[in-house]
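Here's a quick tour of one protein model, written for someone who likes to know the cut-offs behind the words. Have a look at the sequence and the structure first, then read on.

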Amino acid sequence: MASAVVGRFEAGDLDRVQLVYTRFISAGRQEVVVEPLLPLEAAEVVDAPADHAGEASADYEFEPNPEAILETLLPRYTESRIYARC
């Protein structure tokens with residue numbers, strides 16, 4: 001399910017993806033929960049230099065490039081978010 005959703009999101013077919021599920025509270029009560037899944041919210045993506053202003057900064061080299069890392073990690077992150085809610 002995650003790969004289909006991520007693929008359509010990356011292709012531009014979807015602007016937003018939300019998880020909708022019921023949270024078990026008791027045998028007589030469940031709660032409907034709606035959570036944004038994609039795009040990632042700003043609180044989930046932290047820009048390290050802005051958070052540590054005034055501290056020494058370092059240059060980082062990524063291998064493979066950041067785009068390739070994101071292409072690999074985004075589907076796995078989405079899968080884990082879906083799995084954690086089921």
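Let's settle the accessibility terms: buried means under 20% relative accessible area, exposed means over 50%, and partly exposed is what lies in between, with a 1.4 Å probe and protein chains only. This is a predicted model, so local features need pLDDT of at least 70, side-chain atom pairs count only at pLDDT 80 or more, and totals for chains, interfaces and linings use all residues. Residues are numbered from 1 along each chain as its sequence is written, and side-chain values use heavy atoms, with hydrogens and water left out.

**Overall layout**

The protein has three helices and two strands, and along the sequence they follow the pattern α-β-β-α-α. Helices here are DSSP runs of H or I with at least four residues, strands are runs of E with at least two, and both are numbered from the N terminus. Of the 86 residues, 16% count as buried. Take the contacts (heavy atoms within 4.5 Å) between residues at least 6 apart in sequence: 45% of them join residues at least 24 apart.

**The hairpin**

Strand β1 (residues 17–26) and strand β2 (residues 29–38) pair in the antiparallel sense over nine bridges; pairing calls for at least two DSSP bridges between the strands. A hairpin through two residues joins β1 to β2. Along the ladder, F24 stands opposite Q30 in β2, and Q18 has P36 in β2 as its bridge partner.

E35 lies in β2 too. Is E35 buried or exposed? It counts as buried, at 15% relative accessibility. Not counting residues up to four places away in sequence, E35 touches V17, Q18, L19, Y21, R81 and R85.

Past β2, the loop that leads to α2 (48–51) holds P39. The peptide bond from L38 to P39 is cis, with omega near -5 degrees. For background, most peptide bonds are trans.

**How α1 meets α3**

Two packed helices are described by the angle between their axes and the distance between the axes. The axes of α1 (residues 2–11) and α3 (residues 66–85) come within 9 Å and cross at roughly 130 degrees. Those axes are lines fitted to C-alpha atoms over the stretch in contact, with angles running from 0 to 180 degrees between N-to-C directions. The two helices are therefore oblique to each other: under 35 degrees would be roughly parallel, over 145 roughly antiparallel, 65 to 115 roughly perpendicular, and the rest is oblique. The crossing of α1 and α3 is right-handed, meaning that the near helix is turned clockwise from the far one by less than a right angle, whereas anticlockwise would be left-handed.

Which residues in α1 and α3 meet? A2, V6 and E10 in α1 meet L74, P75, T78, E79 and I82 in α3. By class, this contact has five nonpolar, one polar and two charged residues. Nonpolar covers Ala, Val, Leu, Ile, Met, Phe, Trp, Tyr, Cys and Pro, charged covers Asp, Glu, Lys and Arg, and the others, Gly among them, are polar.

T78, found in α3, is buried with a relative accessible area of 0%. Leaving aside neighbours within four places in sequence, T78 is in contact with A2, V6, L37 and L38. E71 is also found in α3, but E71 counts as exposed at 57% relative accessibility.

**Some C-alpha distances**

Here are three residue pairs, with their spacing along the chain and in space.

| Pair | Along the chain | C-alpha to C-alpha |
|---|---|---|
| E71 and V6 | 65 residues | 9.8 Å |
| T78 and L40 | 38 residues | 9.8 Å |
| E35 and V17 | 18 residues | 8.8 Å |
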